[in-house]
Amino acid sequence: MKEIIMVMDDDPVYSKKFCNQANKLYGKKYTFLTFANLKLMRKYAEENKVESLVVNENFIENLDDVKVKSFYILNEKDRKLRREGKKTYVYKLQNVKLILDVIDSDLNKKFEKNKGKVNEECKMLLYYSPQYIKNKYEIVKRLAKLMSKKKKVLVLDIDEFSNYKGNVGLSNIIFDYKEDMISEEKLKKEIITEKDIDFIKSVTYPEDFNVISNIDLANIVQEIVKLGYDFVFVNADMSFIKCQYLLLDADGVVIMKDKDKEIIDMFKAYVKTENHFDYKKITEFDVGKVDKVYLSAFCKYLLKSKEN
C-alpha cells in the first residue's frame, strides 16, 4: 500500500519544491501531497488514511486535531534531530533529501514489524486508453486467457458501468478498505472464475467510486497485487483522474489505440512531461490488429518483460 505524506509550509514555494523532490526520489514508495490551507489539510486527513504530515513549526499549535500517525516538524534553528512522541523535529535548512531519508528510514522500521506477504514477482499491467475502445474489456480477457496457459493471471475491472448491480466485486473491497478491514481472505471472496480466468469485477454502482480517492484506488490495487498472481491485468475506463496513481504504480501501461492517433499522441506527450512517470513503461496495442497471431506475439512480449 502506498502511504500518503502531506506537506505544508508557510512558504508555498518551498512546499511545492519539497514535493517535487520527494516524488522524484521516493514517488514509487509514497504519495506526497502539498497543502496551503490548514482547514483543507485537516479535512483531507480526516477523510483519508494519512501516514505523516511534514509541517512548518509555525503551525505547531494547530496540529492537535490533525488525524495522522506522525508529524515531522520543520524548524530553522536546531540542526539536531529531536523526537517527542509522534513529533520529530528536523532541520528545514538542509538538503530535502536528508529530511526524506529520515522519514523513509522511520517508515521502513515501522512497516518491517507488520510486513505482510508481498509477491514482488507480480507485474501489474494497466490497460488504458484516452479514447473509447468498443471491445477493450473483451480484448483484455483474451490476452489474459492466452497468458494463463503459462502464468497465473487475475483480471481486475475498474470500468464503472460493467458490473451494474452485481453483488460480488470491487464495491465490497472498497467498503472493507474504508472500514480498515481489507484482508487477503476478504479479497479472495470477491474473485470469480470464468473459463479458467480469475476476475474481480467492477463496482455495483458507479457512485461507489465516489467514496474513495484515486490514491485509495491505487492502494487497493496494491493489496490485490499481493495475492500471489504472476500478472494482474487492470482494465481501466477512460478517466485519467481515476487512473492517475495507477499509471505511476503500474509495471507496464498498455495504451489501447484505434484509428484516432492524435488523441493517443496528445496523451503520450502529456505523460512525458510528468517528471516522476517512467515513460518507458508505455506499450501500444493496436485494436485494429486483433487476431490470434498478434495476441500471441503480444503475450510473448509481456512474458519477456516479466523476466527483465
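Where does aspartate 180 lie? Aspartate 180 sits in the loop between α5 and α6 (184-189), and it gets a close-up below along with several other spots in this predicted model.

**View 1. Two loop residues with positive phi, lysine 165 and aspartate 180**. Most residues other than glycine have a negative phi. Aspartate 180 goes the other way, with a phi near 60°. Its home is the loop between α5 and α6, and at 61% relative accessibility aspartate 180 counts as exposed, because the cut-off is over 50%. Lysine 165 is not a glycine either, yet its phi is positive at about 70°. Look for lysine 165 in the loop between β8 (153-157) and α5. Lysine 165 has 55% relative accessibility, so it counts as exposed.

**View 2. Helix α5 crossing helix α7**. Here α5 (residues 170-178) meets α7 (residues 214-225), with axes that come within 11 Å and cross at roughly 105°. That makes the two helices roughly perpendicular. On the α5 side, the contact is made by Leu170, Ile173, Ile174 and Tyr177. Asp216, Asn219, Ile220 and Ile224 do the job for α7. Sort the residues in this contact by class and you get six nonpolar, one polar and one charged.

**View 3. The open, seven-stranded sheet**. Reading across, the strand order is β9-β10-β8-β11-β7-β12-β13, and the pairing is mixed. The edges are β9 (192-194) and β13 (282-286), each of which pairs on one side only. From one strand to the next, the twist averages 25°.

**View 4. Strand β11 and its two parallel partners, β7 and β8**. Zooming in on β11 (residues 231-235), five of its five residues are buried, so the strand is largely enclosed by the rest of the structure. Phe231, Phe233 and Asn235 point one way, while Val232 and Val234 point the other way. With β7 (residues 123-128), β11 pairs in the parallel sense over five bridges. Two places to check that register are lysine 123, which stands opposite phenylalanine 231, and leucine 125, whose bridge partner is phenylalanine 233. Strand β8 also runs parallel to β11, and five bridges join them. For this pairing, find aspartate 157, whose bridge partner in β11 is asparagine 235.

**View 5. Helix α4 and its buried residues**. This helix covers residues 136-147, twelve residues in total. From first C-alpha to last, α4 reaches 17 Å, close to the 16 Å expected at 1.5 Å a residue. Its buried residues are Lys136, Tyr137, Ile139, Val140, Lys141, Leu143, Ala144 and Met147. While following them along the helix, keep the geometry in mind: an α-helix has 3.6 residues a turn, so residues three or four places apart point the same way.

**View 6. Aspartate 249 and what it touches**. Aspartate 249 belongs to helix α8 (residues 240-249). Its relative accessible area is 14%, so aspartate 249 counts as buried, the cut-off being under 20%. Leaving out residues up to four places away in sequence, aspartate 249 touches Lys2, Met124, Ala218, Gln222 and Lys281. Two of these contacts tie this view to earlier ones: Met124 falls within β7 (residues 123-128), and Ala218 falls within α7 (residues 214-225).

Note on methods. Residues numbered from 1 in each chain as written. Predicted model: local features only at pLDDT ≥ 70, side-chain atom pairs only at ≥ 80, totals over all residues. Heavy atoms only, no water. Axes fitted to C-alpha atoms, helices over the stretch in contact; angles between N-to-C directions. Helix = DSSP H or I, 4+ residues; strand = E, 2+ residues; numbered from the N terminus. Parallel < 35°, antiparallel > 145°, perpendicular 65-115°, else oblique. Contact = heavy atoms within 4.5 Å. Nonpolar A, V, L, I, M, F, W, Y, C, P; charged D, E, K, R; others polar. Buried < 20%, exposed > 50% of the residue type's maximum accessible area, 1.4 Å probe, protein only. Expected span 1.5 Å × (residues − 1). Pairing = 2+ DSSP bridges.
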